[in-house]
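Work through the exercises below with the sequence and the model side by side. Try each task before reading its solution.

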Amino acid sequence: MVRTQPEYDTRERILCAALKLFAERGYAGACTKEIAHEAGVAEVTLFRHFVSKDKLLEEVMSHFTFISVMPQLLTEIAALPCEEALATLAGSFIDHLALRKEWVKIMQAEMQRAPEKLFTVYHAFLDDLLGGFVACFRQLQKRGCLGDFDLELGARMFHGFCFSYFLQEEIQGRKSYKFTNRDLVIREYVRIFLYGTSNRCPVMPSTT
């Protein structure tokens, strides 16, 4: 169904209000009545656009997280050399996390005491995010830039580096007492990801 401009604007206001209150109070602490008030709409209007609070959270995560920019980014890096493409992907992801730092902090805290529904929503989002990394790796494989490896495991490794770097620098405050050149770190990680750390790469034993 095609939304009219007023409907789109209302939906966008609700999403922005939900992002703000979820980041400030957490998923459990932000009620739909307060979100509707922040957006300047009636609560019934909120539920006309989003059938439940869980669905609203899902939409916020897909609308404001890195998933929303991934398709355009894949197009932009399609013709870049392999190392540059991966460095651009990693840098863009880390920058996006930094922009949503407060949101990430509250989601990390919520996951420690989250209801099962939140846990399910979060991991569905994570699967989508990893799927974006897999799509990038597959794109590079088709160009002959990457060899044959388990793309899902590779995506988890790539995500792990980016997210741990973000946590150390932005959440744990490492950058406040020890300067790290972000671009050099990313380039070195990409080099290790592509070429490994040893001159001799052992063949993994077959599991079949």
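The exercises that follow concern a helix, a cavity, the cysteines and the aromatic rings.

The model is predicted, so local features need pLDDT of at least 70 and side-chain atom pairs count only at pLDDT 80 or more, while totals for chains, interfaces and linings use all residues. Residues are numbered from 1 along each chain as its sequence is written, and side-chain values use heavy atoms, with hydrogens and water left out.

**Exercise 1.** Find the span of helix 6 and list its buried residues.

Solution. Begin with the limits: helix 6 (a DSSP run of H or I, at least four residues, numbered from the N terminus) covers residues 82-99 and has 18 residues. Next, compare the 26 Å from its first C-alpha to its last with the expected 26 Å, where the expected span is 1.5 Å times one less than the number of residues; the two are close. Finally, pick out the buried residues (under 20% relative accessible area, with exposed over 50% and partly exposed in between, for a 1.4 Å probe and protein chains only), which in helix 6 are C82, A85, L86, A87, L89, A90, G91, F93, I94, H96 and L97.

**Exercise 2.** Describe the largest cavity by its volume and its lining.

Solution. A cavity is a set of points on a 1 Å grid over the protein atoms alone where a 1.4 Å probe fits but cannot get out, and its lining residues have an atom within 4 Å of a point. The largest cavity has a volume of about 240 Å³, counted as the space filled by probe spheres set on the points, which are joined across faces, edges and corners. Of its 17 lining residues, L97, W103, V104, F125 and F163 are the closest to the centre. Helix 6, helix 7 (101-112), helix 8 (116-142) and helix 9 (151-171) each supply at least two residues of this lining.

**Exercise 3.** How many disulfides does a search of the whole structure find?

Solution. With a disulfide taken as a pair of cysteine sulfur atoms within 2.5 Å, the search finds zero. As for accessibility, C16 is partly exposed at 37%, whereas C162 is buried at 0%.

**Exercise 4.** Classify the ring pair of F163 and F166.

Solution. Rings of Phe, Tyr and Trp (its six-membered ring) pair if their centres lie within 6.5 Å, and planes under 30 degrees apart count as stacked, over 60 as edge-to-face and the rest as tilted. The whole structure has 15 aromatic pairs. In the pair of F163 and F166, the centres are 5.9 Å apart and the planes stand at 45°, so the pair is tilted. Because they are three residues apart in helix 9, about one helical turn separates F163 and F166.

Notes: On a 1 Å grid over the protein atoms alone, a cavity is a set of points where a 1.4 Å probe fits but cannot get out, and a pocket is an open set with protein on both sides within 12 Å along at least five of seven lines; lining residues have an atom within 4 Å of a point. Ala, Val, Leu, Ile, Met, Phe, Trp, Tyr, Cys and Pro count as nonpolar, Asp, Glu, Lys and Arg as charged, and the others, Gly among them, as polar.
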